[in-house]
Each structure stands twice: as C-alpha cells, then as structure tokens.
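Q: I should like to learn how to read the features of a protein model. Could we proceed by question and answer?

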Amino acid sequence: MNLVEFKSVSKRYRLGELEVTALEQVDFAVARGDFVALTGPSGSGKTTMLNLIGCLDYPSDGEIRVLGQPVNQLDDRSLDRLRSQTYGIIFQNFNLIPVLTALENVALPLYLHKLPKSEMDRRAHRALESVGLSRFTDFLPDQLSGGQRQRVAVARALVTEPKLILADEPTASLDSASALSLVELMKNLNREQQVTFVFSTHDQRLLSHVDRVVELRDGCLMAAADTQLHAEADSTAMATGESEVA
Ligand SMILES: Nc1ncnc2c1ncn2[C@@H]1O[C@H](COP(=O)(O)OP(=O)(O)OP(=O)(O)O)[C@@H](O)[C@H]1O
Ligand SMILES: [Mg+2]
C-alpha cells in the first residue's frame with residue numbers, strides 16, 4: 001500500500017480578487033521505503049505539496065489518501081492522530097530549543113506519546129546514535145555546528161519512528177559540505193533502516209545523490225518528472241523565481 005497518494009490534486013489560494021494556482025492536477029504517490037526529492041524553481045509548489053502530503057492543508061480539488069484513508073473525510077481529531085502517528089518533520093532552521101540539550105530536544109516529541117522517562121531516554125539515545133551524535137547528547141544547540149544541529153533535528157524526526165519524514169529545504173541553512181553530508185545521512189537511514197523521506201531542495205548538486213527526483217514547474221509535475229536523476233538545471237528560473245497567477 002502507498003503511504004500517500006494524490007489523485008488529480010489541485011491547490012488554489014485566494015488573494016483578494018486573485019486566485020493563485022499553487023498545484024495543478026498532480027498525481028503522485030509515496031511508497032514505503034521511498035527517498036524522494038521535490039525540486040523546481042521558487043514558487044513552483046514544493047512547500048504546498050509538502051504541506052498537503054503532511055495533512056497540514058487540504059486540497060482544493062482531487063483526492064489525497066494517507067495510509068489508504070481519504071483525508072477529506074477525517075474529522076480534526078482523527079487527522080491529528082493520523083499526523084502524529086505518520087509523520088516526522090525536519091525544519092529548515094532546525095527549530096531546536098536552545099536551553100535543552102541534544103538529548104532533551106530529541107526526546108521532546110515523545111512527551112506526546114506518553115512513554116515512561118526511561119523509554120524516552122532509550123529512544124532518544126538510539127536516534128542520536130543513528131545520526132552519529134552519541135558523543136554529543138549533553139551539548140546545547142549553541143555548542144554544535146550547523147550540520148550537527150540539523151542532525152539533531154533529523155534524530156528528533158526519527159525518534160517517534162514515523163512512517164514518513166518530511167523536510168522542506170532541510171539543507172537551506174547549511175554550507176554545501178554539510179548539505180551533502182545531511183543528504184548522505186538521510187540516504188543511509190533510508191537504505192539501512194528503511195526510513196521513507198520526502199524533502200524539497202533548490203540545490204541541483206544534491207540531486208545526483210537521490211534516486212527519485214520529482215520536478216515541479218508552475219504547480220505541475222513535469223512530464224518527464226519522477227524519473228531517475230534530472231541532471232539539467234534551470235538556474236535562470238531559480239534565480240529569478242517564478243509563480244503562477246491564474
Ligand atoms: N498561503 C498562501 N496564500 C496565497 N498564495 C500562496 C500561499 N502559499 C503559497 N502561495 C503561492 O503558491 C505558489 C506556490 O508556492 P510554494 O510556497 O508552494 O512554492 P515553493 O516551490 O515552495 O517556493 P520556494 O522555493 O520559494 O519555497 C506561489 O505562487 C505562492 O505565491
Ligand atoms: Mg518553499
């Protein structure tokens with residue numbers, strides 16, 4: 001079964017008199033074990049698509065199913081439960097709490113799962129170990145490098161053992177060496193622990209390290225999208241930014 005399925009999904013935003021089409025009839029699926037990069041120029045719909053995959057927003061048209069359930073038919077409580085049991089999220093700016101140690105930051109999502117303290121610690125230690133930060137459990141975010149902070153954020157996304165980890169430009173705040181090493185880390189977690197990832201990126205250099213690339217332009221999946229390795233980059237469009245106003 002697919003974790004997430006889009007059938008002819010469109011998303012429109014209303015801005016006063018204007019209607020902005022952010023996604024246009026997108027068909028898409030994420031299967032267990034996938035490692036997917038969403039790419040495309042600024043304004044092409046990547047964040048919109050991640051928000052819809054994560055059930056943070058509803059489509060204007062079309063159907064989204066998560067674990068086989070049509071999300072439009074779920075009430076708020078069922079949707080909350082589905083979200084907390086399905087997703088882990090890595091934020092672009094890490095979103096770590098400065099006064100908590102790496103271990104405490106990683107354990108945070110487990111408070112919602114009402115586990116005993118010893119079990120929370122055990123899981124947080126294991127998550128930090130899987131991102132190579134066992135030695136840094138007692139460090140505060142300020143005492144870590146950008147790349148290490150983002151690894152803590154990955155551990156925090158992993159700690160609830162989600163079915164799918166979503167990340168909107170997780171490498172945007174990192175230098176290129178740290179960005180590449182973050183993608184390598186996610187890929188290893190995908191290969192070794194079958195963690196499913198969908199993340200967006202502007203960075204064409206990272207795409208050669210990803211086996212499934214989904215490219216958006218003006219809210220549409222490119223005809224040749226969702227294939228192996230898109231080498232060509234439209235750097236002009238990326239530099240200027242594009243958006244569709246219908
Ligand atoms: N809340 C909103 N209200 C109105 N328009 C919106 C809203 N969110 C997104 N849009 C519009 O939808 C389109 C897609 O935006 P989105 O944020 O998904 O693009 P993106 O690919 O993530 O861009 P970037 O690479 O700059 O993050 C854009 O034209 C944007 O202006
Ligand atoms: Mg975005």
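Q: In what order do the four strands of the open sheet stand, and is the pairing parallel or antiparallel?
A: In general, strands of a sheet pair through backbone hydrogen bonds, either parallel or antiparallel. The model shown here is predicted. Its open sheet of four strands follows the order E2-E1-E4-E5, and the pairing is antiparallel.

Q: Which strands stand at the edges of this sheet?
A: The edges are formed by strand E2 (18-31) and strand E5 (69-70). Each has a single partner strand, so one side of each is left without a neighbour in the sheet.

Q: How many bridges join E1 to E2?
A: Strand E1, residues 2-15, is joined to E2 by 10 bridges, and the two run antiparallel. One pair to inspect is Leu 15 with its bridge partner in E2, Leu 18.

Q: Which strands does helix H1 lie across?
A: Helix H1, residues 46-53, lies across E1, E2 and strand E4 (61-66). With respect to E1, the helix runs at about 125 degrees.

Q: Which strands does E7 pair with, and do they run parallel or antiparallel?
A: E7 is joined to E6 by four bridges, and these two strands run parallel. Five bridges join E7 to strand E8 (residues 196-200), again running parallel. Ala 167 of E7 takes part in both pairings: it is the bridge partner of Ile 90, and its own bridge partner in E8 is Phe 199.

Q: How many residues of strand E7 are buried?
A: Strand E7 spans residues 164-168 and is mostly covered, as four of its five residues are buried.

Q: How much space lies in the largest pocket, and which residues are closest to its centre?
A: The largest pocket holds about 360 Å³ of space. It is lined by 14 residues, of which Tyr 87, Gly 88, Ile 89, Pro 109 and Leu 112 are the closest to its centre. Helix H2 (76-86), strand E6 (87-90) and helix H5 (146-158) each give two or more residues to this lining. E6 gives the most, with three residues.

Q: How many disulfides are found in the whole structure?
A: A disulfide is a covalent bond between the sulfur atoms of two cysteines. A search of the whole structure finds zero disulfides.

Q: Why does Cys 55 count as buried and Cys 220 as partly exposed?
A: Buried means under 20% relative accessible area, exposed means over 50%, and partly exposed lies in between. Cys 55 counts as buried because its relative accessibility is 3%. Cys 220 counts as partly exposed because its relative accessibility is 30%.

How values were computed. Residues are numbered from 1 along each chain as its sequence is written. Chains are lettered from A and ligands numbered from 1 in the order in which they are written. This is a predicted model: local features need pLDDT of at least 70, side-chain atom pairs count only at pLDDT 80 or more; totals for chains, interfaces and linings use all residues. Side-chain values use heavy atoms; hydrogens and water are left out. A disulfide is a pair of cysteine sulfur atoms within 2.5 Å. Buried means under 20% relative accessible area, exposed over 50%, partly exposed in between (1.4 Å probe, protein chains only). Two strands pair if DSSP finds at least two bridges between them. Contact means heavy atoms within 4.5 Å. Axes are lines fitted to C-alpha atoms, for helices over the stretch in contact, and angles run from 0 to 180 degrees between N-to-C directions. On a 1 Å grid over the protein atoms alone, a cavity is a set of points where a 1.4 Å probe fits but cannot get out, and a pocket is an open set with protein on both sides within 12 Å along at least five of seven lines; lining residues have an atom within 4 Å of a point. Grid points are joined across faces, edges and corners, and a volume is the space filled by probe spheres set on the points.
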